[in-house]
Amino acid sequence: MRAFLVLLPRDLRLALRSGGDVAAVLAFFVITVVLFPFGVGPETVLLGRIAAGVVWVAALLATLLALDRLFAQDYEDGSLDLLVLSPLPLEATVLAKALAHWLLTGLPLILLSPVMAAMLGLEARVWPVLVLSLLLGTPCLSLIGAVGAALTLGARRGGALLALLILPLFIPVLIFGAAAVEAAATGLTARPHLLLLAGCLAAALPLAPIAVAAALRQAQS
Amino acid sequence: MSATLLKASCLACLRGGRLVFAGLSFRLDAGEALVLTGPNGSGKSSLLRLVAGLVPAFAGTLDWTGAPGSIAYLGHQDAVKPALTPRETLRFWGAAAGAASGAAAIDAALAAVGLDGLDDLPCRYLSAGQRRRLALARFELGRARLWLLDEPTLGLDIASVARLEARVARHRAGGGIVMLATHVPLALDGARGLALEDFAVAEVPL
């Protein structure tokens, strides 16, 4: 618990002071979504059909954008050594950092997603399901992404490696997330898909911090 | 307070597939200091990281009787964020170490390294020596018994080196243990020396 009180304010403050990062992620998200009407044409029916998938893929890529910096800065300036040595459990530290990442990327993306969905012509009645699916899905992305970020620490071209390593692991989350919205759009219940997403989150929440902590300890030597 | 001690026996360290040192044994009781010397690459930093618990020993055993979290480590890097002020930096590391770091404790820590007056300036405006001093100020917070200092004098001016010597003496007087690697001779009463080149392993041609 103390790890959260110590690390969350620090990480949020650092991100807000250095600015830019959050704005870049959001701008990337918006631009990626905006590219699709240019690519596939302005047909409302077609765009409405692919809207859920587009918003989900864009959110996933935007999440990835900020991931490689999750531990890299602490690693480079020596803070990570001290965090590993501190009496705070490393798993809790990791969870706090992943939560900060989600608050700075996932949450703003979720708040923007109805706007993006509206722009693509997704029916308004489906928006709550889209938001709910992102609410369950984006924390998974932050947690799974943290494992990749820890594993690629110190690697040359870590960003590209991180994407190769992590994107395949994002696929289940993407499938369930997009399927939930799809189901709601066609009048079916989104419940099973949302439950599966919740299952992903329930698995990632305890397991990812353990994996990340192990990877960070490994990165020290 | 029970006597704290650090005991190493037959330590060996492997780095990049090469044995840096082997057969290293020492014992440090409360109030003692050990100064590591040796040429570049002789394993001073590796030994400090090994004692800190950041890297596992290749062979040998290491016993530290202090509580977990009672080790304070200063590496080559200062762990100072350019966007935070010295006060925020110390508040964070103090809280991470589990110390009650009120404003008074932080003021005292800043004064101990002569950084009072700069406490609300973002660290990006600090010089390299001032950052080093801020990194050393961390040691004032928390209850670490064992100080591990890797080249603590890097970038420090003469007055700061003198302050560091005084702080090390005070820490030892309070029963603390200090292990430090340095190329600059420091005035430390009764400190023992450990020359790491004595434990170097000769390359065996295959």
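The largest nonpolar core, a set of buried Ala, Val, Leu, Ile, Met, Phe, Trp, Tyr and Cys residues joined through C-beta atoms within 7 Å, has 133 residues in this predicted model. Buried here means that 20 or more other C-beta atoms lie within 10 Å of the residue's own, while 12 or fewer makes a residue exposed and anything in between partly exposed, with C-beta atoms placed from the backbone. Val55(A), Ala146(A) and Leu148(B) have the most contacts inside the core. Helix H7 (residues 127–151) of chain A supplies the largest share of this core, 13 residues; helices (H or I, at least four residues) and strands (E, at least two) are DSSP runs, numbered from the N terminus. Because domain 1 (1–70 + 145–206) and domain 2 (81–142) of chain B both give residues to this core, it lies between them.

Ala146(A) touches Leu70(A), Val94(A), Ala98(A), Ala208(A) and Val212(A), leaving aside residues up to four places away in sequence. Two residues are in contact if their C-beta atoms, placed from the backbone, lie within 7 Å.

The model is predicted: local features need pLDDT of at least 70 and side-chain atom pairs count only at pLDDT 80 or more, whereas totals for chains, interfaces and linings use all residues. Residues are numbered from 1 along each chain as its sequence is written, and chains are lettered from A and ligands numbered from 1 in the order in which they are written. Chain B has a mean pLDDT (the predictor's confidence in each residue, from 0 to 100) of 87, with 95% of its residues at 70 or more. For the complex, the predictor gives an ipTM of 0.87 and a pTM of 0.89.

Between the chains, 23 residues of chain B are in contact with 18 residues of chain A. On the chain B side, strand E5 (71–74) and helix H2 (86–96) each supply at least two residues, and the largest share, four residues, comes from H2(B).

Within chain B, the two domains, whose bounds come from an automatic or database domain assignment, have C-alpha centres 24 Å apart. Contacts join 12 residues of domain 1 of chain B to 11 residues of domain 2 of chain B. Helix H5 (residues 158–173) of chain B gives the most to the domain 1 side, with five residues.

Helix H1 (residues 44–52) of chain B is largely enclosed by the rest of the structure, because eight of its nine residues are buried. Among them are Lys44(B) and Arg49(B). Gly53(B), with a positive phi near 95°, follows H1(B).
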